[in-house]
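I opened this notebook to keep track of what I looked up, in the order in which I looked it up. The cysteines come before the rest.

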Amino acid sequence: MNDTFENAVTPEIWCERLRSQGAEVSARVLRAKARSCGHYYALGRVMLLSAEHVEAILSVEGAQVRKGGQAIRTWSRGK
């Protein structure tokens with residue numbers, strides 16, 4: 001089996017890992033970002049994210065956050 005798939009975990013676990021690095025993000029928002037850019041594995045109703053998926057999601061989000069030095073999008077919903 002592919003090592004990348006074996007190391008894929010749920011958005012909740014990724015959120016815990018990101019929190020330990022100082023990034024506050026909810027599993028719900030991480031799922032929405034993954035769906036919007038298509039970077040995730042799905043097994044039935046379960047979403048799994050690999051390190052490559054999270055890196056791609058953060059890269060897409062990072063490219064959208066800065067425009068002319070001002071934040072135009074944030075990770076939290078409703079802002």
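**Entry 1: cysteines.** I began with Cys15, which has a relative accessibility of 1% and therefore counts as buried, since the cut-off for that class is under 20%. I then turned to Cys37, whose relative accessible area of 26% makes this residue partly exposed, because partly exposed covers the values between 20% and 50%. I note here that the model is predicted. When I looked up disulfides, I found 0 of them in the structure.

**Entry 2: overall layout.** I wanted the order of the elements before going further, and from the N terminus on they run α-α-α-β-β-α-β-β. That gives 4 helices and 4 strands for the protein. I also recorded that 27% of the 79 residues count as buried. For the contacts between residues at least 6 apart in sequence, I noted that 43% join residues at least 24 apart.

**Entry 3: the nonpolar core.** Which residues have the most contacts inside the largest nonpolar core? I listed Trp14, Cys15, Val25, Leu30, Ala34, Leu49 and Ile57, in a core that has 13 residues. Two or more core residues come from each of helix 2 (11–20), helix 3 (27–37) and helix 4 (51–65). Helix 3 gives the most, with 4 residues. As background I wrote down that nonpolar side chains tend to be buried together in soluble globular proteins.

**Entry 4: helix 2 against helix 3.** How do the axes of helix 2 and helix 3 cross, and within what distance do they come? I found that the two axes come within 9 Å and cross at roughly 115 degrees. Helix 2 and helix 3 are therefore roughly perpendicular to each other, the class for angles from 65 to 115 degrees. I also noted the handedness, as helix 2 passes helix 3 in a right-handed crossing. On the helix 2 side the contact is made by Pro11, Glu12, Trp14 and Cys15, and on the helix 3 side by Ala27, Leu30 and Arg31. Trp14, Cys15 and Leu30 from this contact I had already entered among the residues with the most contacts inside the core.

**Entry 5: Pro11 and its surroundings.** Is Pro11 buried or exposed? Pro11, which lies in helix 2, counts as buried because its relative accessibility is 1%. Leaving out residues up to four places away in sequence, I found that Pro11 touches Ala27, Leu30, Arg31, Met47 and Leu49. For one of these partners, Met47, I looked up the C-alpha separation from Pro11, which is 7.2 Å although the two residues are 36 residues apart along the chain.

**Entry 6: Val46.** I next checked Val46, which is found in strand 2 (residues 46–48). Val46 is partly exposed, with a relative accessible area of 42%. Its C-alpha atom is 7.7 Å from that of Thr10, and these two residues are 36 residues apart in sequence.

**Entry 7: His53.** What does His53 touch, once residues up to four places away in sequence are not counted? I wrote down His39, Tyr40, Tyr41 and Leu48. His53 itself is found in helix 4, one of the elements that give two or more residues to the core. With a relative accessibility of 11%, His53 counts as buried.

Methods: Residues numbered from 1 in each chain as written. Predicted model: local features only at pLDDT ≥ 70, side-chain atom pairs only at ≥ 80, totals over all residues. Heavy atoms only, no water. Disulfide = S-S within 2.5 Å. Buried < 20%, exposed > 50% of the residue type's maximum accessible area, 1.4 Å probe, protein only. Core = buried A, V, L, I, M, F, W, Y, C linked by side-chain atoms within 4.5 Å. Axes fitted to C-alpha atoms, helices over the stretch in contact; angles between N-to-C directions. Parallel < 35°, antiparallel > 145°, perpendicular 65-115°, else oblique. Left-handed = near helix turned anticlockwise from the far one by under 90°. Contact = heavy atoms within 4.5 Å.
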